[in-house]
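Me: Got a minute to go through this one with me? I'd like to start with what sits around the ligand.
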Amino acid sequence: MAREKTKYVCKECGYETPRWLGKCPSCGEWSSLVEEVITAVPAGHSKDVSKGPAPCPITELETVGTNRFTSGIAELDRVLGGGIVPGSVVLIGGDPGIGKSTLLLQVSGAVSTDTKVLYVSGEESSNQVKLRGDRLGIRSDNLLILPEVDLERIEYWIENTSPGLVVIDSIQTVFTKDLTSAPGSVSQVSQCASRLMRKAKELEIPICLVGHVTKQGAIAGPKVLEHIVDTVLYFEGERHHSFRILRCVKNRFGSTNEIGVFQMGDSGLSEITNPSEVFLSGRSHTVAGSCVTASVEGTRPILVEIEALVTRTPFGVPRRTTTGIDSNRVAIILAVLEKRAGLGLSMCDVYVSVAGGARLNEPAADLAVACAVASSFRNALCHPDVVIIGEVGLSGEIRGVSRIESRVAEAAKIGFKKCIIPASNRAVLTEHESLQVIPVRTISEALEHAMKR
Ligand code: TYD
Ligand code: MG
(Lines give C-alpha, C1' and ligand atoms only; values in the text may rest on other atoms or scores of the structure.)
(Ligands and ions follow the chains in the order given, each with its own letter.)
Protein backbone atom coordinates (compact mmCIF):
# COMPACT_ATOMS: atom_id res chain seq x y z
CA MET A 1 0.00 0.00 0.00
CA ALA A 2 1.33 3.41 -0.90
CA ARG A 3 2.22 5.52 2.14
CA GLU A 4 0.22 8.63 2.81
CA LYS A 5 2.15 11.71 1.72
CA THR A 6 0.14 14.28 3.60
CA LYS A 7 -1.40 14.62 7.02
CA TYR A 8 -3.84 17.05 8.60
CA VAL A 9 -2.68 19.07 11.55
CA CYS A 10 -4.82 21.15 13.90
CA LYS A 11 -3.71 24.80 13.85
CA GLU A 12 -4.82 25.24 17.45
CA CYS A 13 -3.44 22.23 19.32
CA GLY A 14 -1.21 20.33 16.87
CA TYR A 15 -3.37 17.18 16.75
CA GLU A 16 -2.49 15.03 13.72
CA THR A 17 -4.77 12.83 11.64
CA PRO A 18 -4.44 11.20 8.21
CA ARG A 19 -7.94 12.29 7.16
CA TRP A 20 -9.62 15.65 7.16
CA LEU A 21 -12.10 16.21 9.98
CA GLY A 22 -14.49 19.09 10.52
CA LYS A 23 -13.85 19.24 14.22
CA CYS A 24 -10.61 18.57 16.04
CA PRO A 25 -11.20 15.60 18.38
CA SER A 26 -8.49 16.86 20.69
CA CYS A 27 -9.36 20.52 21.35
CA GLY A 28 -12.85 20.64 19.87
CA GLU A 29 -12.09 23.54 17.51
CA TRP A 30 -14.05 23.60 14.23
CA SER A 31 -12.33 23.72 10.78
CA SER A 32 -8.91 24.03 12.31
CA LEU A 33 -7.27 21.14 10.44
CA VAL A 34 -4.92 22.07 7.58
CA GLU A 35 -3.13 19.76 5.21
CA GLU A 36 0.65 19.38 5.46
CA VAL A 37 3.20 17.43 3.46
CA ILE A 38 4.89 14.70 5.47
CA THR A 39 8.59 15.31 5.08
CA ALA A 40 11.02 12.57 5.86
CA VAL A 41 14.56 13.67 6.73
CA PRO A 42 15.26 16.61 4.38
CA ALA A 43 17.50 15.76 1.44
CA GLY A 44 21.18 16.43 2.01
CA HIS A 45 20.77 16.03 5.74
CA SER A 46 23.38 13.59 7.02
CA LYS A 47 23.78 11.88 10.34
CA ASP A 48 27.17 13.55 10.90
CA VAL A 49 26.20 16.61 12.95
CA SER A 50 29.68 18.15 12.86
CA LYS A 51 29.21 18.98 9.17
CA GLY A 52 27.58 22.26 8.09
CA PRO A 53 28.11 25.80 9.34
CA ALA A 54 29.59 26.35 12.80
CA PRO A 55 28.94 29.42 15.00
CA CYS A 56 31.12 32.35 14.03
CA PRO A 57 31.73 35.77 15.67
CA ILE A 58 29.74 38.51 13.92
CA THR A 59 32.90 40.60 13.48
CA GLU A 60 34.46 37.88 11.34
CA LEU A 61 31.53 37.64 8.95
CA GLU A 62 32.02 39.29 5.59
CA THR A 63 29.85 42.26 4.75
CA VAL A 64 28.29 41.51 1.42
CA GLY A 65 26.63 44.50 -0.21
CA THR A 66 23.08 43.93 -1.32
CA ASN A 67 23.43 44.95 -4.92
CA ARG A 68 19.92 46.21 -5.38
CA PHE A 69 18.69 47.04 -8.83
CA THR A 70 16.05 49.52 -9.81
CA SER A 71 12.49 48.45 -10.61
CA GLY A 72 12.28 51.31 -13.08
CA ILE A 73 9.64 52.99 -10.91
CA ALA A 74 11.19 55.41 -8.43
CA GLU A 75 8.24 55.39 -6.01
CA LEU A 76 8.38 51.59 -5.76
CA ASP A 77 12.15 51.65 -5.27
CA ARG A 78 11.75 54.05 -2.37
CA VAL A 79 9.07 51.91 -0.72
CA LEU A 80 11.34 48.87 -1.08
CA GLY A 81 14.16 50.78 0.60
CA GLY A 82 16.20 51.61 -2.52
CA GLY A 83 15.42 49.00 -5.15
CA ILE A 84 14.87 45.27 -5.56
CA VAL A 85 17.20 42.97 -3.60
CA PRO A 86 18.27 39.85 -5.54
CA GLY A 87 16.89 36.70 -3.93
CA SER A 88 14.17 38.55 -2.03
CA VAL A 89 10.50 37.70 -2.11
CA VAL A 90 8.08 40.62 -2.21
CA LEU A 91 4.37 40.13 -1.58
CA ILE A 92 2.00 42.74 -2.98
CA GLY A 93 -1.51 42.64 -1.57
CA GLY A 94 -4.54 44.70 -2.47
CA ASP A 95 -8.23 44.69 -3.30
CA PRO A 96 -9.30 43.30 -6.68
CA GLY A 97 -8.96 45.83 -9.49
CA ILE A 98 -6.73 48.18 -7.53
CA GLY A 99 -3.91 47.78 -10.05
CA LYS A 100 -1.55 45.10 -8.76
CA SER A 101 -1.23 43.36 -12.12
CA THR A 102 -0.82 46.72 -13.86
CA LEU A 103 1.96 47.80 -11.48
CA LEU A 104 3.85 44.52 -11.83
CA LEU A 105 3.51 44.45 -15.60
CA GLN A 106 4.92 47.97 -15.72
CA VAL A 107 7.80 46.91 -13.45
CA SER A 108 8.38 43.85 -15.64
CA GLY A 109 8.43 46.08 -18.71
CA ALA A 110 10.96 48.44 -17.14
CA VAL A 111 13.23 45.70 -15.77
CA SER A 112 13.15 43.75 -19.05
CA THR A 113 15.19 46.46 -20.78
CA ASP A 114 18.22 45.12 -18.87
CA THR A 115 17.47 41.53 -18.02
CA LYS A 116 15.03 38.70 -18.67
CA VAL A 117 11.74 38.79 -16.76
CA LEU A 118 9.41 35.82 -16.29
CA TYR A 119 5.81 36.92 -15.76
CA VAL A 120 3.71 33.97 -14.59
CA SER A 121 0.04 34.69 -15.01
CA GLY A 122 -2.34 32.32 -13.30
CA GLU A 123 -5.35 34.56 -13.55
CA GLU A 124 -5.23 35.98 -17.04
CA SER A 125 -4.51 34.35 -20.36
CA SER A 126 -1.49 35.37 -22.45
CA ASN A 127 -3.82 37.34 -24.69
CA GLN A 128 -5.18 39.38 -21.82
CA VAL A 129 -1.66 40.14 -20.60
CA LYS A 130 -0.68 41.05 -24.15
CA LEU A 131 -3.62 43.46 -24.47
CA ARG A 132 -2.70 45.11 -21.20
CA GLY A 133 0.95 45.25 -22.28
CA ASP A 134 -0.03 47.00 -25.51
CA ARG A 135 -2.02 49.53 -23.55
CA LEU A 136 0.96 50.17 -21.29
CA GLY A 137 3.30 50.40 -24.28
CA ILE A 138 5.45 47.44 -23.29
CA ARG A 139 7.45 45.89 -26.10
CA SER A 140 10.41 43.76 -25.13
CA ASP A 141 11.76 40.38 -26.22
CA ASN A 142 13.09 39.92 -22.71
CA LEU A 143 9.64 39.82 -21.12
CA LEU A 144 8.43 36.22 -21.08
CA ILE A 145 4.77 35.52 -20.34
CA LEU A 146 3.90 32.11 -18.89
CA PRO A 147 0.25 31.25 -18.28
CA GLU A 148 0.74 28.55 -15.63
CA VAL A 149 -0.59 27.55 -12.22
CA ASP A 150 1.34 24.33 -11.58
CA LEU A 151 4.15 25.00 -9.08
CA GLU A 152 6.43 22.25 -10.39
CA ARG A 153 6.22 23.63 -13.94
CA ILE A 154 6.76 27.18 -12.70
CA GLU A 155 9.89 26.04 -10.86
CA TYR A 156 11.05 24.25 -14.00
CA TRP A 157 10.71 27.41 -16.08
CA ILE A 158 12.38 29.58 -13.45
CA GLU A 159 15.40 27.26 -13.59
CA ASN A 160 15.40 27.00 -17.36
CA THR A 161 14.98 30.64 -18.33
CA SER A 162 17.23 32.06 -15.55
CA PRO A 163 15.41 35.41 -15.40
CA GLY A 164 16.50 38.47 -13.41
CA LEU A 165 12.99 38.88 -11.98
CA VAL A 166 9.99 36.60 -11.58
CA VAL A 167 6.43 37.83 -11.12
CA ILE A 168 3.73 35.43 -9.92
CA ASP A 169 0.20 36.74 -10.41
CA SER A 170 -1.24 35.47 -8.08
CA ILE A 171 -0.02 33.13 -5.32
CA GLN A 172 -3.60 32.01 -4.65
CA THR A 173 -3.87 30.40 -8.10
CA VAL A 174 -0.64 28.40 -7.79
CA PHE A 175 -0.87 24.82 -6.56
CA THR A 176 1.37 21.82 -5.98
CA LYS A 177 0.34 18.22 -6.60
CA ASP A 178 1.93 17.21 -3.28
CA LEU A 179 -1.20 18.39 -1.52
CA THR A 180 -4.74 17.35 -2.23
CA SER A 181 -6.31 20.61 -1.03
CA ALA A 182 -7.69 23.07 -3.55
CA PRO A 183 -5.59 25.99 -4.87
CA GLY A 184 -5.94 29.03 -2.64
CA SER A 185 -6.34 26.96 0.54
CA VAL A 186 -4.19 27.73 3.52
CA SER A 187 -1.92 24.72 3.02
CA GLN A 188 -1.46 25.27 -0.71
CA VAL A 189 -0.68 28.96 -0.38
CA SER A 190 1.88 28.56 2.40
CA GLN A 191 3.49 25.48 0.84
CA CYS A 192 3.82 27.15 -2.59
CA ALA A 193 5.12 30.39 -1.09
CA SER A 194 7.81 28.67 0.95
CA ARG A 195 8.92 26.56 -2.01
CA LEU A 196 9.19 29.70 -4.15
CA MET A 197 11.05 31.42 -1.34
CA ARG A 198 13.62 28.60 -1.32
CA LYS A 199 13.97 28.82 -5.08
CA ALA A 200 14.50 32.59 -4.86
CA LYS A 201 17.28 32.25 -2.26
CA GLU A 202 18.90 29.33 -4.07
CA LEU A 203 19.04 31.03 -7.49
CA GLU A 204 19.39 34.61 -6.17
CA ILE A 205 16.37 35.66 -8.21
CA PRO A 206 13.89 38.19 -6.78
CA ILE A 207 10.27 37.04 -6.90
CA CYS A 208 7.22 39.29 -6.67
CA LEU A 209 4.04 37.57 -5.52
CA VAL A 210 0.58 39.03 -5.90
CA GLY A 211 -1.67 38.22 -2.95
CA HIS A 212 -5.41 38.65 -2.73
CA VAL A 213 -6.97 40.46 0.15
CA THR A 214 -9.90 39.09 2.15
CA LYS A 215 -13.01 41.07 3.05
CA GLN A 216 -11.41 41.84 6.40
CA GLY A 217 -8.45 43.43 4.63
CA ALA A 218 -5.80 40.83 5.45
CA ILE A 219 -3.88 39.03 2.75
CA ALA A 220 -5.94 35.96 1.91
CA GLY A 221 -4.55 32.71 3.04
CA PRO A 222 -2.53 32.35 6.13
CA LYS A 223 -0.80 35.01 8.15
CA VAL A 224 2.23 32.73 7.75
CA LEU A 225 2.47 34.01 4.19
CA GLU A 226 3.50 37.36 5.61
CA HIS A 227 6.06 35.62 7.83
CA ILE A 228 7.56 33.67 4.95
CA VAL A 229 8.27 36.54 2.57
CA ASP A 230 10.88 39.30 3.00
CA THR A 231 8.74 42.28 2.16
CA VAL A 232 5.00 42.89 2.34
CA LEU A 233 3.47 45.78 0.42
CA TYR A 234 -0.17 46.78 0.39
CA PHE A 235 -1.59 48.56 -2.60
CA GLU A 236 -4.59 50.59 -1.57
CA GLY A 237 -6.81 53.43 -2.60
CA GLU A 238 -10.40 54.38 -3.06
CA ARG A 239 -11.99 52.88 -6.12
CA HIS A 240 -13.55 56.25 -6.99
CA HIS A 241 -10.28 58.14 -6.69
CA SER A 242 -7.55 57.64 -9.22
CA PHE A 243 -4.89 57.80 -6.49
CA ARG A 244 -3.23 54.64 -5.29
CA ILE A 245 -1.00 54.34 -2.26
CA LEU A 246 1.65 51.64 -1.98
CA ARG A 247 2.36 51.02 1.68
CA CYS A 248 5.12 48.89 3.16
CA VAL A 249 4.15 46.89 6.26
CA LYS A 250 7.15 44.58 6.50
CA ASN A 251 10.62 44.94 5.08
CA ARG A 252 13.70 42.89 5.87
CA PHE A 253 15.81 45.21 3.72
CA GLY A 254 14.64 48.69 4.66
CA SER A 255 12.26 50.74 6.76
CA THR A 256 8.52 50.27 6.84
CA ASN A 257 6.02 53.18 6.95
CA GLU A 258 7.35 54.34 3.62
CA ILE A 259 4.62 55.08 1.07
CA GLY A 260 4.55 55.58 -2.66
CA VAL A 261 1.78 57.51 -4.37
CA PHE A 262 0.52 56.69 -7.85
CA GLN A 263 -2.22 57.81 -10.16
CA MET A 264 -4.13 55.38 -12.38
CA GLY A 265 -4.57 56.81 -15.84
CA ASP A 266 -5.37 55.66 -19.37
CA SER A 267 -1.86 54.34 -19.89
CA GLY A 268 -1.37 52.69 -16.53
CA LEU A 269 0.05 53.95 -13.26
CA SER A 270 2.10 57.11 -13.11
CA GLU A 271 4.13 58.28 -10.12
CA ILE A 272 3.15 61.31 -8.10
CA THR A 273 6.21 63.08 -6.81
CA ASN A 274 4.45 65.85 -4.87
CA PRO A 275 1.68 64.09 -2.93
CA SER A 276 0.97 67.11 -0.72
CA GLU A 277 -0.40 69.09 -3.64
CA VAL A 278 -2.55 66.12 -4.64
CA PHE A 279 -4.02 65.59 -1.19
CA LEU A 280 -4.78 69.30 -0.84
CA SER A 281 -6.21 69.71 -4.33
CA GLY A 282 -9.95 69.59 -3.59
CA ARG A 283 -9.78 71.86 -0.56
CA SER A 284 -12.57 74.33 0.08
CA HIS A 285 -11.63 77.56 1.84
CA THR A 286 -15.16 78.66 2.59
CA VAL A 287 -16.51 75.90 4.79
CA ALA A 288 -15.84 75.45 8.50
CA GLY A 289 -14.45 72.15 9.73
CA SER A 290 -11.39 71.72 7.57
CA CYS A 291 -7.72 72.18 8.34
CA VAL A 292 -4.33 70.96 7.18
CA THR A 293 -1.70 68.98 9.01
CA ALA A 294 1.76 67.71 8.08
CA SER A 295 2.12 63.99 8.54
CA VAL A 296 5.37 62.07 8.10
CA GLU A 297 5.11 58.84 6.16
CA GLY A 298 8.40 56.99 6.33
CA THR A 299 10.95 59.64 5.53
CA ARG A 300 8.68 62.00 3.69
CA PRO A 301 6.42 64.73 5.08
CA ILE A 302 3.03 64.96 3.40
CA LEU A 303 0.42 67.63 3.92
CA VAL A 304 -3.11 66.31 4.23
CA GLU A 305 -6.48 67.89 4.84
CA ILE A 306 -8.61 66.80 7.76
CA GLU A 307 -12.33 67.42 7.62
CA ALA A 308 -14.81 67.28 10.45
CA LEU A 309 -18.56 67.61 10.58
CA VAL A 310 -20.35 68.18 13.88
CA THR A 311 -24.14 68.02 13.93
CA ARG A 312 -26.76 67.76 16.66
CA THR A 313 -27.58 64.15 17.33
CA PRO A 314 -31.21 63.18 16.72
CA PHE A 315 -30.91 60.20 19.09
CA GLY A 316 -29.72 59.78 22.63
CA VAL A 317 -26.45 58.14 21.69
CA PRO A 318 -24.17 60.35 19.61
CA ARG A 319 -22.53 58.82 16.57
CA ARG A 320 -18.81 59.07 15.90
CA THR A 321 -17.55 57.94 12.52
CA THR A 322 -14.06 58.32 11.11
CA THR A 323 -12.33 57.45 7.85
CA GLY A 324 -8.58 57.41 7.43
CA ILE A 325 -7.89 57.87 11.14
CA ASP A 326 -8.24 55.68 14.22
CA SER A 327 -11.64 56.19 15.85
CA ASN A 328 -10.28 55.57 19.36
CA ARG A 329 -7.77 58.36 18.88
CA VAL A 330 -10.59 60.66 17.78
CA ALA A 331 -12.68 59.66 20.81
CA ILE A 332 -9.85 60.76 23.12
CA ILE A 333 -9.47 64.07 21.31
CA LEU A 334 -13.24 64.70 21.60
CA ALA A 335 -13.08 64.00 25.33
CA VAL A 336 -10.18 66.43 25.74
CA LEU A 337 -12.05 69.09 23.73
CA GLU A 338 -15.08 68.64 25.93
CA LYS A 339 -13.25 68.76 29.24
CA ARG A 340 -10.32 71.12 28.58
CA ALA A 341 -11.68 73.47 25.93
CA GLY A 342 -15.31 73.52 27.06
CA LEU A 343 -16.90 72.30 23.82
CA GLY A 344 -20.28 70.64 24.47
CA LEU A 345 -19.80 67.72 22.13
CA SER A 346 -21.68 65.11 24.13
CA MET A 347 -24.96 65.83 22.32
CA CYS A 348 -23.36 65.96 18.87
CA ASP A 349 -22.64 63.47 16.11
CA VAL A 350 -19.04 63.85 14.99
CA TYR A 351 -17.66 62.71 11.63
CA VAL A 352 -13.94 63.01 10.91
CA SER A 353 -12.36 62.18 7.58
CA VAL A 354 -8.96 62.47 5.99
CA ALA A 355 -9.37 63.81 2.45
CA GLY A 356 -8.10 62.10 -0.69
CA GLY A 357 -8.02 58.55 0.67
CA ALA A 358 -4.91 59.15 2.81
CA ARG A 359 -4.57 57.46 6.19
CA LEU A 360 -3.07 58.97 9.32
CA ASN A 361 -1.74 56.89 12.13
CA GLU A 362 0.55 59.16 14.04
CA PRO A 363 -0.32 61.33 17.04
CA ALA A 364 1.09 64.46 15.35
CA ALA A 365 -2.27 64.79 13.59
CA ASP A 366 -4.19 65.09 16.90
CA LEU A 367 -4.19 68.85 17.12
CA ALA A 368 -5.41 69.26 13.55
CA VAL A 369 -8.30 66.88 14.28
CA ALA A 370 -9.15 68.91 17.37
CA CYS A 371 -9.10 72.17 15.37
CA ALA A 372 -11.24 70.71 12.58
CA VAL A 373 -13.84 69.48 15.07
CA ALA A 374 -13.84 72.78 17.00
CA SER A 375 -14.10 74.71 13.74
CA SER A 376 -17.17 72.77 12.66
CA PHE A 377 -18.70 72.93 16.14
CA ARG A 378 -18.33 76.71 16.37
CA ASN A 379 -18.99 77.17 12.66
CA ALA A 380 -15.86 79.30 12.46
CA LEU A 381 -13.43 78.97 9.56
CA CYS A 382 -9.89 77.82 10.18
CA HIS A 383 -7.32 80.14 8.60
CA PRO A 384 -6.73 78.64 5.16
CA ASP A 385 -2.98 79.30 5.21
CA VAL A 386 -2.22 77.57 8.51
CA VAL A 387 -0.73 74.13 9.00
CA ILE A 388 -1.42 72.56 12.41
CA ILE A 389 0.94 70.05 14.01
CA GLY A 390 0.95 68.58 17.51
CA GLU A 391 0.03 65.70 19.77
CA VAL A 392 -2.79 66.30 22.27
CA GLY A 393 -2.30 65.01 25.82
CA LEU A 394 -5.17 64.05 28.13
CA SER A 395 -4.81 67.21 30.19
CA GLY A 396 -5.08 69.36 27.08
CA GLU A 397 -1.36 70.01 26.79
CA ILE A 398 0.29 69.98 23.37
CA ARG A 399 3.22 67.61 23.14
CA GLY A 400 6.20 67.72 20.84
CA VAL A 401 6.37 65.62 17.68
CA SER A 402 9.22 64.03 15.74
CA ARG A 403 10.72 65.46 12.53
CA ILE A 404 9.24 68.90 13.08
CA GLU A 405 11.86 70.47 10.82
CA SER A 406 10.85 68.53 7.72
CA ARG A 407 7.14 69.04 8.42
CA VAL A 408 7.53 72.80 8.64
CA ALA A 409 9.78 72.86 5.57
CA GLU A 410 7.11 71.02 3.56
CA ALA A 411 4.47 73.53 4.69
CA ALA A 412 6.71 76.40 3.61
CA LYS A 413 7.39 74.73 0.27
CA ILE A 414 3.69 74.36 -0.55
CA GLY A 415 3.18 78.04 0.28
CA PHE A 416 1.53 78.07 3.70
CA LYS A 417 2.05 81.25 5.74
CA LYS A 418 1.70 80.04 9.33
CA CYS A 419 2.41 76.91 11.25
CA ILE A 420 1.02 76.04 14.68
CA ILE A 421 3.51 73.78 16.45
CA PRO A 422 4.07 72.43 19.98
CA ALA A 423 6.00 74.92 22.12
CA SER A 424 8.52 72.24 23.06
CA ASN A 425 9.48 71.87 19.40
CA ARG A 426 10.19 75.60 19.00
CA ALA A 427 13.83 75.40 20.14
CA VAL A 428 14.96 72.93 17.49
CA LEU A 429 13.42 74.85 14.62
CA THR A 430 15.36 77.18 12.34
CA GLU A 431 13.67 80.30 10.95
CA HIS A 432 11.79 80.23 7.66
CA GLU A 433 11.41 83.71 6.20
CA SER A 434 8.15 82.95 4.36
CA LEU A 435 6.46 81.16 7.24
CA GLN A 436 5.47 82.34 10.70
CA VAL A 437 5.78 79.73 13.44
CA ILE A 438 3.23 79.87 16.29
CA PRO A 439 4.25 77.78 19.31
CA VAL A 440 1.35 76.66 21.54
CA ARG A 441 1.18 74.96 24.94
CA THR A 442 -2.48 74.09 25.38
CA ILE A 443 -5.38 73.06 23.21
CA SER A 444 -7.33 76.27 23.92
CA GLU A 445 -4.34 78.36 22.89
CA ALA A 446 -4.14 76.41 19.63
CA LEU A 447 -7.86 76.88 18.90
CA GLU A 448 -7.42 80.60 19.51
CA HIS A 449 -4.75 80.84 16.82
CA ALA A 450 -6.28 78.41 14.33
CA MET A 451 -9.68 80.00 13.86
CA LYS A 452 -10.98 83.23 12.47
CA ARG A 453 -13.37 84.96 14.77
P1 TYD B 1 -5.51 45.40 -12.33
O2 TYD B 1 -4.06 45.67 -12.44
O3 TYD B 1 -6.10 44.35 -13.20
O4 TYD B 1 -5.90 45.12 -10.82
P5 TYD B 1 -5.59 43.87 -9.92
O6 TYD B 1 -4.55 43.06 -10.58
O7 TYD B 1 -5.12 44.52 -8.63
O8 TYD B 1 -6.87 43.16 -9.71
O9 TYD B 1 -6.22 46.81 -12.53
C10 TYD B 1 -7.37 46.89 -13.25
C11 TYD B 1 -7.97 48.25 -13.13
O12 TYD B 1 -7.12 49.27 -13.55
C13 TYD B 1 -9.17 48.27 -13.98
O14 TYD B 1 -10.25 48.77 -13.20
C15 TYD B 1 -8.83 49.18 -15.11
C16 TYD B 1 -7.74 50.04 -14.56
N17 TYD B 1 -6.74 50.43 -15.56
C18 TYD B 1 -6.68 51.75 -15.96
O19 TYD B 1 -7.44 52.60 -15.54
N20 TYD B 1 -5.70 52.11 -16.88
C21 TYD B 1 -4.83 51.22 -17.41
O22 TYD B 1 -3.98 51.59 -18.22
C23 TYD B 1 -4.92 49.86 -16.97
C24 TYD B 1 -3.97 48.83 -17.51
C25 TYD B 1 -5.87 49.51 -16.04
MG1 MG C 1 -4.73 41.10 -11.31
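Me: Which helices and strands each supply at least two residues of the shell around ligand 1?
Reply: Two helices and a strand turn up: α2 (100-111), α3 (126-136) and β11 (259-265). Keep in mind that this is a predicted model.
Me: OK, and where does the largest share of that shell come from?
Reply: From α2, which gives three residues.
Me: Which residues come nearest to ligand 1?
Reply: Of the 15 residues around ligand 1, the nearest are G97, S101, T102, G265 and G268.
Me: What's the mix by class, how many nonpolar, polar and charged?
Reply: The shell has seven polar residues, five charged and three nonpolar.
Me: Let's do polar atoms. What does T102 have by an oxygen atom of ligand 1?
Reply: A polar side-chain atom of T102, 2.6 Å from that oxygen atom. With G97 the backbone is involved: one of its polar backbone atoms is 2.7 Å from an oxygen atom of ligand 1.
Me: And which residue has a backbone N or O atom by a nitrogen atom of the ligand?
Reply: That's G265, with a distance of 2.7 Å.
Me: How much of the ligand's accessible area does the protein cover?
Reply: On its own ligand 1 has 560 Å² of accessible area, and the protein covers 75% of that.
Me: Switching topic, what does the domain assignment give for the chain?
Reply: Domain 1 is 3-40, domain 2 is 68-273 and domain 3 is 278-450.
Me: What distance separates the centres of domain 1 and domain 3?
Reply: 52 Å, with the centres taken over C-alpha atoms.

Conventions
Residues numbered from 1 in each chain as written. Chains lettered and ligands numbered in written order. Predicted model: local features only at pLDDT ≥ 70, side-chain atom pairs only at ≥ 80, totals over all residues. Heavy atoms only, no water. Near = heavy atom within 4 Å. Polar contact = N/O pair within 3.5 Å; in protein donor to acceptor, adjacent residues only side chain to side chain. Areas by Shrake-Rupley, 256 points an atom, 1.4 Å probe, with all protein chains shown as cover. Helix = DSSP H or I, 4+ residues; strand = E, 2+ residues; numbered from the N terminus. Nonpolar A, V, L, I, M, F, W, Y, C, P; charged D, E, K, R; others polar. Domains from an automatic or database assignment.
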